[in-house]
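Trainee: I am new to this structure. Please take me through one part of it closely, the salt bridges.

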Amino acid sequence: MIPTKVNHFRALGALALSLACTPSGNTRQGAETTTVARSETASVAAKTAAPDTNLTSADLARIQGSASAPVWVIEVSDFQCPYCKQWHDQTYPALRDQYVKTGKIRLAYVNFPLESHAHAWPAAESAMCAGAQGKFWQMHDGLFDTQGRWESLTSTTAVFDSLAQANGLDMNRWHDCVKSGMMKRLIQADHDRASTAGVGATPSFLIGSKILTGAQPIEELRKAIDSAQVASSKTPR
């Protein structure tokens, strides 16, 4: 689980902004600098009234990488955002292979479903319920890979069901999780904390003291990760 104060996310300024989805449903393109107020909480873990093993499992399942990795990369995303898919298709594999699998970073996915995307919440719930069975990233990949199939449908039930089944989930348990709405509070907590940290569009990436917005290429992420790693090495332990 990500500690409550992994970083305060006091941004020094956002890097170049590429294409991103915004709450209004519009897209933004070009360079933009954003000053972000200090946030006292950056955990992706939701505070619940009582411990719930499904919530705990789902929270942990959307984190990948070595526990000893010196840098956290927090991906704030929306499964229906076309630019989140663009980043997933073009950059995520390189980040995973070059940085996650090599123990250089821990990567956490934070939900930021936009109201302009009708299926963003159901998609997030489907992924988090898969996470309750330890298969968040499999569902994550499936949702982005099939986004073109379900984004314009009236109902996504058949597609999401097929993804859950293809990933070997216990379908009764997954259906019960989705129908209960138990993941809503975790997803809302993600959204609220990301907003507090200064996120206003998807995809966004919180790395050390920086927020990068838009479908950033691996080169830009590398710069931010290297900078965060240097800063981490200078921090007294």
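Mentor: Here is a short orientation, followed by the salt bridges one by one.

This is a predicted model. The protein chain has 237 residues, and 51% of them count as buried. Its secondary structure comes to 10 helices and 7 strands. Mean pLDDT is 83, with 78% of residues at 70 or more. Two stretches need care. Over residues 1–18 the pLDDT is below 50. Over residues 27–50 the pLDDT is also below 50.

Now the salt bridges. A search of the whole structure finds 7.

Start with aspartate 89 and lysine 85. Their side chains meet in a salt bridge, at 3.0 Å from N to O. How many residues apart are they in helix 2? They are 4 apart, so about one helical turn separates them. Helix 2 covers residues 82–90. Aspartate 89 has 39% relative accessibility. Buried would require under 20% and exposed over 50%, so aspartate 89 counts as partly exposed.

Move on to aspartate 97. It has a salt bridge with arginine 96, where the closest N and O atoms are 3.1 Å apart. Aspartate 97 also forms a salt bridge with lysine 101, and here the closest N and O atoms are 3.4 Å apart. How open are these residues? Arginine 96 is partly exposed, at 22% relative accessible area. Aspartate 97 is partly exposed too, at 36%. Lysine 101 is exposed, at 61%.

Elsewhere, shared partners link salt bridges into one network: Asp59, Arg62 and Asp190.

How values were computed
Residues are numbered from 1 along each chain as its sequence is written. This is a predicted model: local features need pLDDT of at least 70, side-chain atom pairs count only at pLDDT 80 or more; totals for chains, interfaces and linings use all residues. Side-chain values use heavy atoms; hydrogens and water are left out. Helices (H or I, at least four residues) and strands (E, at least two) are DSSP runs, numbered from the N terminus. Buried means under 20% relative accessible area, exposed over 50%, partly exposed in between (1.4 Å probe, protein chains only). pLDDT is the predictor's confidence in each residue, from 0 to 100. Contact means heavy atoms within 4.5 Å. A salt bridge is a side-chain nitrogen of Lys or Arg within 4 Å of a carboxyl oxygen of Asp or Glu.
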